[in-house]
Structure formats: structure tokens, C-alpha cells
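I opened this notebook to keep track of what I looked up in one structure. The entries follow the order in which I went through it.

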Amino acid sequence: MFHFSRRTLWLIIFVTIPLIVVFNLVGQEEGVVSEVVEPQAWFLDDLAVSTDERAPGRTLWTVDLDQARQLRLTITQDLIPTEQLDIAIDAAVSTSRQGGQFQVTVVNPADTDALQASVDFLQSWLPDGDSRSVVLSGDLDDDRMAVARRLLEPLLGEGMVNQVAPQPSLARLRSPPMGTNEQLAFLLWVGVLQQRLSGYDPQVRWDHRAETSQVLINQTLSTDLFVPVTEEELEPVRAAYTASAEQRSRSAEQIHRYLVTSAVYDLPADFLVSQQQRLSAITLADVNAARANSQP
């Protein structure tokens, strides 16, 4: 049982949201003999994303993952809850911030009653606001979507405005808006920059908590790092991202994260599947434009 203290932000979790995610399989520990359970995966091209706007600024996003063993539910909004509540539900609960919004995610077994209990908790705990997105993924039917749709109705908790304090960093580069070609070119430029910094053992991390995403680097950046990118430098970075984009299967967790990103940044539904085509359209000139626009 968890206890959430009033007027504190409980369990703040920094979660990165890479646009292209490599589907990693973790091997078993040596010497441990157990049954191997194949991870569930779905093809991006087969996904059918649906949206249901029941009130202005309040939308339910759903994707049906046939025979998924879990139901994932995320609600994202401007306000942060401040009430103290006890959780007694059969779900894993986590919080995060993304795109200037507060998020809470519950992961239930694929059971409608368990989902109902999670929604009851969220309705009691979360504060009401003008805008809200609800994202539900898993093995869905009409009953489960109707349960999630209740979160588009008025909520009962107390809250405060979400504020994001800047992360400490020696250098920071501001990203173009999420989902744009400029942002994808910027992603490739950051890959080239990491190559140029490789001899300095850099720590390069994304911060997506505020409305504008940033890349944080643990060292100052000299002007000689911003010379024009060559095709030879860009090729290995582009090849790595292209290889990842060509792998069309994704786990349920990855697909849910993609859908949450689409909801937060109001991206089109085909954002989930069009990464490969958009990546192939990015030119060396686009990457150099991103480099020039990001100079500190």
C-alpha cells in the first residue's frame, strides 16, 4: 500500500520518450533454468488507433492489442493532485511529466473489474481541469473502453498547477516541436554531436518534462563542435535509426508510450507507423539547419 503526502509531488519519475526505440530482449541469468516466455509483440503497421472526443479538450485514445496480458491506462493533464490517498488496487502505478503535463499510469491485468477499480481510484484522486487525454491500450472491448471513458467526466480530487523546475546542466539544446520534420532532423544532429563528443565521455540525455523538450549535456560545448555536418558523419547515425525504424514489431509498453506521446503533443494517429518514411525524407541540409539553429 502506498501513501501520498499532501502538497508534495509523490513519486516523480523522469521518463524519456525516444522517437525510435530498439526492441531489446534481455537474456536469462547464467545458471538459472526456467521456462522461456516469449515477449508479446505487435506489428506497427497492423495497429488501429482510435480517438473519441466527448468534450472539448478531453479525448480518449485507444489501441486494441489482441490477447495482450495487461491493460495500460494513462491520464495526462495540466494539474497535479495534492490529496493524500491510500491505494488498494491490483495495479502498478507510476507518475511522470511530459510536454508540460502531469501523467499517471496504471497497469492492470487484462481484467475489466481490475480496470474498474483503477478508474474509481483515479476519479477520486485526480483534480478536474479543462483539458485531459486518456490513453488505453490492451485487449479491448466495448465494456473496457466505456470504463476508461468515465475519466473524461468531472474528477473529484484537489490539485495544483504543474510546474517544471529546470534540470541542472552545463549545456542545453532546445528541440523543435515534437513530431515535426525539424525535430527529427534535430534528433539526427544530436546523434552526430554525440559522435563528436565521444572522446570526452559525455552524458547526453533528453528532458521531455516541459512544454519544450531539451537535450542536456554535462559539459560546455565549444564552437568547433558546430562545424557543418558531412555526409560521412551523418551516415552511421542515419543507418542506426533506419535499422531501428525498419523493425516493425513493438512491445505493448512501447506502443502505449508512443500513443501517450501522440496524445500529449496532439500528433496524428499515423505518427506510430510513419517514422520510417519521415526519416528517409530528412536530408543533410535539414540536419545542418538543425545544427545551425541549435547553437548555444
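**Entry 1: confidence.** I began with pLDDT, which is the predictor's confidence in each residue, on a scale from 0 to 100. The model is predicted, so I wanted this score before anything else. The protein averages a pLDDT of 85, and 86% of the residues score at least 70. I then looked for a weak stretch and found residues 1-37, where pLDDT stays under 50. For this stretch the model has 82 contacts beyond four places in sequence. I note these contacts together with the low score and leave them there.

**Entry 2: overall make-up.** I listed the secondary structure and got seven helices and 13 strands. The protein has 296 residues, and buried residues make up 47% of them. I also checked how far apart in sequence the contacting residues are. Of the contacts with a separation of 6 or more, 79% are between residues 24 or more positions apart.

**Entry 3: a three-stranded sheet.** I traced one open sheet, in which three strands follow the order S10-S12-S11 with antiparallel pairing. Which strands are at the edges? They are S10 (171-174) and S11 (204-207), and each pairs on one side only. From one strand to the next, the twist averages 25 degrees.

I went through the pairs one by one. S10 and S12 (residues 214-217) are antiparallel and share four bridges. Within this pair, Ala-171 stands opposite Ile-217, and Leu-173 is opposite Val-215. S11 and S12 also run antiparallel, with four bridges joining them. Here I found Arg-205 with Leu-216 as its bridge partner in S12. The connection from S11 to S12 is a hairpin through six residues.

Are the faces of S12 covered or open? I found both covered: Gln-214 and Leu-216 are buried on one side, and Val-215 and Ile-217 are buried on the other.

**Entry 4: helix H3 and its neighbours.** I looked for what packs on this sheet and found helix H3 (residues 181-196), which touches S10, S11 and S12. The direction of H3 makes about 155 degrees with that of S11.

H3 has a helix partner as well. Two packed helices are described by the angle between their axes and the distance between the axes. For H3 and H7 (residues 284-293), the axes come within 8 Å and cross at roughly 80 degrees. H3 is therefore roughly perpendicular to H7, because angles of 65 to 115 degrees count as such. I noted the residues that meet: Ala-185, Phe-186, Leu-188 and Trp-189 from H3, with Asp-286, Val-287, Ala-290 and Arg-291 from H7.

**Entry 5: the S6-S7 hairpin.** I turned to strand S6 (residues 92-98), which is mostly covered, with five of its seven residues buried. S6 runs antiparallel to S7 (residues 101-109), and seven bridges join the two. One facing pair I wrote down is Val-93 and Val-106, the latter in S7. S6 and S7 form a hairpin with two residues between them. In the turn, Gly-99 has a positive phi of about 60 degrees.

**Entry 6: positive phi outside glycine.** I then searched for residues other than glycine with a positive phi. Gln-67 is one of them, at about 65 degrees. Gln-67 sits in the loop between strand S3 (58-64) and strand S4 (70-77). Its relative accessible area is 57%, so Gln-67 counts as exposed, the cut-off being over 50%.

Asp-266 is another, with a positive phi of about 55 degrees. Asp-266 belongs to the loop between H5 and helix H6 (275-280). With a relative accessible area of 64%, Asp-266 is exposed too.

**Entry 7: His-256.** My last look-up was a residue in helix H5 (residues 252-265), namely His-256. Is His-256 buried or exposed? The relative accessibility of His-256 is 4%, so I put it down as buried, since that term applies under 20%.

I then asked which residues His-256 is in contact with, leaving aside its neighbours within four places in sequence. They are Arg-72, Leu-73, Thr-74, Thr-105, Val-135 and Ser-137. With Thr-74 there is also a polar contact of 2.7 Å between the side chains.

Technical notes. Residues are numbered from 1 along each chain as its sequence is written. Side-chain values use heavy atoms; hydrogens and water are left out. Two strands pair if DSSP finds at least two bridges between them. Axes are lines fitted to C-alpha atoms, for helices over the stretch in contact, and angles run from 0 to 180 degrees between N-to-C directions. Contact means heavy atoms within 4.5 Å. Buried means under 20% relative accessible area, exposed over 50%, partly exposed in between (1.4 Å probe, protein chains only). A polar contact is a pair of N or O atoms within 3.5 Å; within protein, one must be able to donate a hydrogen and the other to accept it, and residues adjacent in sequence count only if both atoms are side-chain atoms. Angles under 35 degrees count as roughly parallel, over 145 as roughly antiparallel, 65 to 115 as roughly perpendicular and the rest as oblique.
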